[in-house]
Amino acid sequence: MSEKLFDLIVIGAGPAGLTAGLYASRRELKTLVLSKNLGGQAVLSHEIENYPGLEAIDGVSLIHKFSRQTAAFGSEMKFGEVTEIKKVKNVFHIKTETDEFKSKALVLALGLNSRQLDIPGEKKLTGRGVCYCATCDGPLYRDKTVAVIGGGNSALGAARYLSNIAKQVYLVHRREEFRGEEFVVKELKKKENVELILNVDLIEIKGQNFVESLMVKDKKTNQTREISLNGIFVEIGYVAKTDFIKDLVKLNKAGEIITDKKMQTSCPGIFACGDVTDVEDKQIIISAGQGAQAALQAYKYLFSKKEEALPDWE
């Protein structure tokens, strides 16, 4: 069990969390960035074209830049999934499966988790053809037949990427229209190896040891169709996994953390930033900006508790 008391612990190492760690360390706060992984959903981006100052970059490369810069200013980083947070006499106790940490303030940058289809065959075949990251697993399906499930920008981006390496791509959506950017839809419609399957319900993923097919049903005709496949990429959005803090901070109906414009939560000393908050638009640049704001407000909170300077907590 860790005995060190940090000035600030940032939970999450995506754009929001890494930026919070960077800003906190530059203010010479004893900072720990604690996360189950590095980068969160940002590393799933095939190509980022709208981050100011960078004409085009993939998510993995961008996160590595964030991480190196944050570490350069002194933030510690540890990996582990947080299972419990308690506030005891104005000190936060954070537990993972293997350790416990203490801090005077917290920044929650938990990000979001991939939403699942919840249809027969999905859990059984996850990792055996059912994938949630085209960037990570796409190269395994070169010259094979795959389906992308979804209708937003994530699904469109995955379909565009996979169309360049797979033999055949089926883009499957439960509605007749896409929610993503129209210029990408037009591009996909021109590709010979992309077929759009719209306005269908997903029935079942079939396969013994690996994905073999996807069963869908047309909403208008009620006719079923079995699509032979080697892989399925689920791109239907994300959910906030915040049940473990629901008694500590206020959440909205979607489970997102409610914050004010200063990134303050309902619990004094806890700040939140990035996609896990109730911010309307989930963008890397917005998450980074919120991370900076959260760290600066945490700094002000900590110094409001002391007349002069923070003690050298160990």
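## Exercises on helices, cores and contacts

Leu156, Ala159 and Arg160 of α5 meet Phe183, Val184, Val185, Glu187 and Leu188 of α6, where meeting, touching or contact means heavy atoms within 4.5 Å. Keep in mind that this is a predicted model, where local features need pLDDT of at least 70, side-chain atom pairs count only at pLDDT 80 or more, and totals for chains, interfaces and linings use all residues. Residues are numbered from 1 along each chain as its sequence is written, and side-chain values use heavy atoms, with hydrogens and water left out.

**Exercise 1.** Describe how α5 and α6 cross and what kinds of residues form their contact.

*Step 1.* Find the helices: α5 covers residues 153-163 and α6 covers residues 182-190. Helices (H or I, at least four residues) and strands (E, at least two) are DSSP runs, numbered from the N terminus.

*Step 2.* Look at the axes, which come within 10 Å and cross at roughly 35 degrees. Axes are lines fitted to C-alpha atoms, for helices over the stretch in contact, and angles run from 0 to 180 degrees between N-to-C directions.

*Step 3.* Get the hand: this crossing is left-handed. That label applies if the near helix is turned anticlockwise from the far one by less than a right angle, and right-handed applies if clockwise.

*Step 4.* Sort the contact residues of α5 with α6: 6 are nonpolar, none polar and 2 charged. Here Ala, Val, Leu, Ile, Met, Phe, Trp, Tyr, Cys and Pro count as nonpolar, Asp, Glu, Lys and Arg as charged, and the others, Gly among them, as polar.

**Exercise 2.** Do the same for α1 and α7.

*Step 1.* Helix α1 (residues 15-26) packs against helix α7 (residues 284-304) at about 35 degrees, with the axes 7 Å apart. This time the crossing is right-handed.

*Step 2.* On the α1 side, Pro15, Ala16, Thr19, Ala20, Tyr23 and Ala24 take part. Their partners in α7 are Ile284, Ser287, Ala288, Gly291, Ala292, Ala295 and Leu296.

*Step 3.* Sorting the residues of this contact gives 10 nonpolar, 3 polar and no charged.

**Exercise 3.** Work out which element gives the largest share of the largest nonpolar core.

*Step 1.* A nonpolar core is a set of buried Ala, Val, Leu, Ile, Met, Phe, Trp, Tyr and Cys residues joined through side-chain atoms within 4.5 Å. The largest has 32 residues, and Leu8, Tyr51, Leu62, Val107 and Cys273 touch the most other members.

*Step 2.* β1, α1, α2, β6 and α7 each supply at least two residues of this core. The winner is α7, with 7 residues.

*Step 3.* Zoom in on Cys273: beyond four places away in sequence, its contacts include Ala16, Val107, Gln290 and Gly291.

**Exercise 4.** Are Ser67, Met77 and Asn199 buried, partly exposed or exposed?

*Step 1.* Note the cut-offs: buried means under 20% relative accessible area, exposed over 50%, and partly exposed in between (1.4 Å probe, protein chains only).

*Step 2.* Ser67, in helix α2 (residues 59-72), is buried because its relative accessibility is 15%. Leaving out residues up to four places away in sequence, Ser67 touches Leu18, Leu38 and Met77.

*Step 3.* Met77, in strand β3 (residues 76-79), has a relative accessible area of 29%, so Met77 is partly exposed.

*Step 4.* Asn199 sits in the loop between β11 (194-198) and β12 (200-206). Asn199 counts as buried because its relative accessibility is 13%.
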